[in-house]
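Tutor: Let's read a structure together, one question at a time. Have a look at it first, and then ask me whatever you like.

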Amino acid sequence: MEGTVDGFRYGAVTPVAAYLMACLGGALGLRCIVRTLLSNQSWRAGWLALGAASIGCGIWTMHFIAMIGFQVVETRIRYNTGLTVLSLAVAIVVVGIGVFIVGCRGASTLNLSFAGVITGLGVAAMHYLGMAALHLNGTIRYDATTVALSVVIAIVAATAALWAAVTIRGFTTSLGASLIMGVAVTGMHYTGMSAVSVHVHNRTGGSWAGDSPTSLLLPMLLGPVIFLLLAGVVVMFDPLLVLGDGDWNRRSASTASTAPQPDSAFENQEDQEDRVVHARAPQDPQWAAPHSPQR
């Protein structure tokens, strides 16, 4: 018989929480990519990797927070641990491929299109791998047209996110882009979920094997959530991202121009102070008078 599928078991709690996590991951990822554009002296590979991991963790966390609210009324749901972990790895790796293509090879139309397709297909693969991890007393079926639509949304969302990462540098505009990205990614998830129907078996048995949503998903979600919070701390305390490109350059130039430069590497602190005093002496008549030579 056909099962009763409900994706909003806890009302608006899981969709809102899923959306916020998608926005957090997107915002951190965009700022990390922007960091590589603001300074050529930065550790490019490290920032790109941090950005890819942030976006991938945000998308994966969004998916499984939303899945906590998913139920089939006639049967219990369990999850396969291996496939759940694999879906996280897929999300990070494919986002990383797209980010590194754009971050290292440039944001040409060809590079953006290629990276967007790869990343979008990877996001869709993460979603359906996560769905394959479900164990229940029935058979999951998908509407092919709706599945294709969800893949298109994933590709468009990924391409737009990569474009925003290399084009938008201001904090406010990056925040707005991450909010839009969160809508697209969450919309892709629920579009894919609308393609789901379940044919429930009349028998019970081994198809229920696996971990329950609360025993598996909640502990597994802690790791990516903690990672996103730590990534947020790194981004918040990076001076270039806080000050912005112009303010950082002005401060660096001002510091370099006002700092006293020793004549040699062996000049000691007393010599430096003496040079500063003599440099100020001509502008200070009161200082110069007692030390003027007597005639």
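Student: Which stretch of residues has pLDDT under 50 throughout and 14 contacts beyond four places in sequence?

Tutor: This is a predicted model, where local features need pLDDT of at least 70 and side-chain atom pairs count only at pLDDT 80 or more, while totals for chains, interfaces and linings use all residues. Residues are numbered from 1 along each chain as its sequence is written, and side-chain values use heavy atoms, leaving out hydrogens and water. pLDDT is the predictor's confidence in each residue, from 0 to 100, and a contact means heavy atoms within 4.5 Å. With pLDDT under 50 and 14 such contacts, the stretch you want is residues 245-273.

Student: How many contacts beyond four places in sequence does the model have for residues 275-295?

Tutor: Here too pLDDT stays under 50. Where pLDDT is low, the predicted coordinates should not be read in detail. For residues 275-295, the number of these contacts is seven.

Student: And what is the mean pLDDT of the chain?

Tutor: Across the chain, 74% of the residues reach 70 or more. The mean is 77.

Student: How many helices and strands does the chain have?

Tutor: Both are DSSP runs, numbered from the N terminus: helices are H or I with at least four residues, and strands are E with at least two. Counted this way, the chain has 11 helices and six strands.

Student: Is glycine 182 buried or exposed?

Tutor: Glycine 182 sits in helix H6 and touches Tyr19, Ala22 and Cys23, leaving out residues up to four places away in sequence. Buried means under 20% relative accessible area, exposed over 50%, and partly exposed in between, using a 1.4 Å probe and protein chains only. Because its relative accessibility is 0%, glycine 182 counts as buried.

Student: What separates the C-alpha atoms of leucine 221 and cysteine 57?

Tutor: Leucine 221 lies in helix H7, residues 213-236, and is buried because its relative accessible area is 7%. Beyond four places in sequence, leucine 221 contacts Trp60, Thr61, Phe64, Ile65 and Ile68. Leucine 221 and cysteine 57 are 164 residues apart along the chain, yet their C-alpha atoms are separated by 9.4 Å.

Student: Which helix gives the most residues to the largest nonpolar core?

Tutor: A nonpolar core is a set of buried Ala, Val, Leu, Ile, Met, Phe, Trp, Tyr and Cys residues joined through side-chain atoms within 4.5 Å. The largest one has 65 residues, and Ile59, Trp60, Met67, Phe70, Tyr79 and Leu134 touch the most other members. With 14 residues, the top contributor is H2.

Student: What is the volume of the largest cavity?

Tutor: On a 1 Å grid over the protein atoms alone, a cavity is a set of points where a 1.4 Å probe fits but cannot get out. Grid points are joined across faces, edges and corners, and the volume is the space filled by probe spheres set on them. A search of the whole structure finds one cavity of 30 Å³ or more. The volume of the largest cavity is about 140 Å³.

Student: Which helix gives the most to the lining of the largest cavity?

Tutor: Lining residues have an atom within 4 Å of a point. There are 17 of them, and the closest to the centre are Ile59, Thr119, Ala158, Ala161 and Met181. Elements giving two or more residues are H2, H3, H4, H5 and H6. With six residues, the one giving the most is H5.

How values were computed. On a 1 Å grid over the protein atoms alone, a cavity is a set of points where a 1.4 Å probe fits but cannot get out, and a pocket is an open set with protein on both sides within 12 Å along at least five of seven lines; lining residues have an atom within 4 Å of a point.
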